[in-house]
Amino acid sequence: MPSTAAKPRTKAKTKVERPRLHKVILVNGDFTPREFVVMVLKAEFGMTEDQAHKVMITAHQRGVCVVAVFTRDVAETKATRATDAGRTQGYPLLFTTEPEE
Ligand code: TYC
């Protein structure tokens, strides 16, 4: 029996894209002590004292500093945890996220 099935003329392309990364951003504020910001950066982002101090000072001087990049879920979870760490101590410490270009 002759086959009537037409051969596909196009080949399905498997397109695998890397997930977009998201930045965790530390926002400056007047009321959170510097040492507390450094402590949170060390605890939540595994930074050394030196790295954490540099990030804190950059946010303090410029208003914001990129802490690290992660997949969206991880970035959001870390930003929330770090922000909550401040809130539990009564500090208005703020971490936000934004997609990388
Ligand atoms: N600006 C704060 C102060 O002078 C310290 C600080 C730095 C707070 C960075 C938040 O993201 C921040 N005590």
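**Reading the ligand site**

Q: This model is predicted. What lies 2.9 Å from a polar backbone atom of threonine 32?
A: Start with the idea of a cut-off. A polar contact here is an N or O pair within 3.5 Å. In this case, the partner of the threonine 32 backbone atom is a nitrogen atom of the ligand, at 2.9 Å.

Q: Which part of asparagine 28 faces a nitrogen atom of the ligand at 2.8 Å, backbone or side chain?
A: The side chain. One of its N or O atoms is 2.8 Å from a ligand nitrogen.

Q: And what does valine 27 offer to an oxygen atom of the ligand?
A: A backbone N or O atom, at 2.8 Å. Now look at cover. On its own, the ligand has 350 Å² of accessible area, and the protein covers 88% of it.

Q: How do I find empty space, and which space does the ligand take?
A: Rolling a probe the size of a water molecule over the atoms shows where empty space is left. Here, the ligand takes up the largest pocket. The shell around the ligand draws two or more residues from each of β1, α1 and α2.

Q: Which element gives the most to that shell?
A: α2, with 3 residues. Residues around the ligand include Met56, Ala59 and His60, along with Leu26, Asp30 and Arg34.

Q: What is the make-up of the shell by class?
A: Count residues by class. The shell has 5 nonpolar, 4 polar and 2 charged residues.

Q: What is the volume of the largest pocket?
A: About 190 Å³. Its lining has 15 residues, and Asn28, Gly29, Thr32, Val37 and His60 are the closest to the centre. β1 (21–27), α1 (34–45) and α2 (49–62) each give two or more residues to the lining.

Q: Which element has the largest share of the lining, and what are the classes?
A: α2 again, with 3 residues. By class, the lining has 9 nonpolar, 4 polar and 2 charged residues.

Methods
Residues numbered from 1 in each chain as written. Predicted model: local features only at pLDDT ≥ 70, side-chain atom pairs only at ≥ 80, totals over all residues. Heavy atoms only, no water. 1 Å grid on protein atoms, 1.4 Å probe; cavity = no way out; pocket = protein on both sides within 12 Å on 5 of 7 lines; lining within 4 Å. Points joined across faces, edges and corners; volume = space filled by probe spheres on them. Helix = DSSP H or I, 4+ residues; strand = E, 2+ residues; numbered from the N terminus. Nonpolar A, V, L, I, M, F, W, Y, C, P; charged D, E, K, R; others polar. Near = heavy atom within 4 Å. Polar contact = N/O pair within 3.5 Å; in protein donor to acceptor, adjacent residues only side chain to side chain. Areas by Shrake-Rupley, 256 points an atom, 1.4 Å probe, with all protein chains shown as cover. Sits in = over half its atoms within 2 Å of the grid points.
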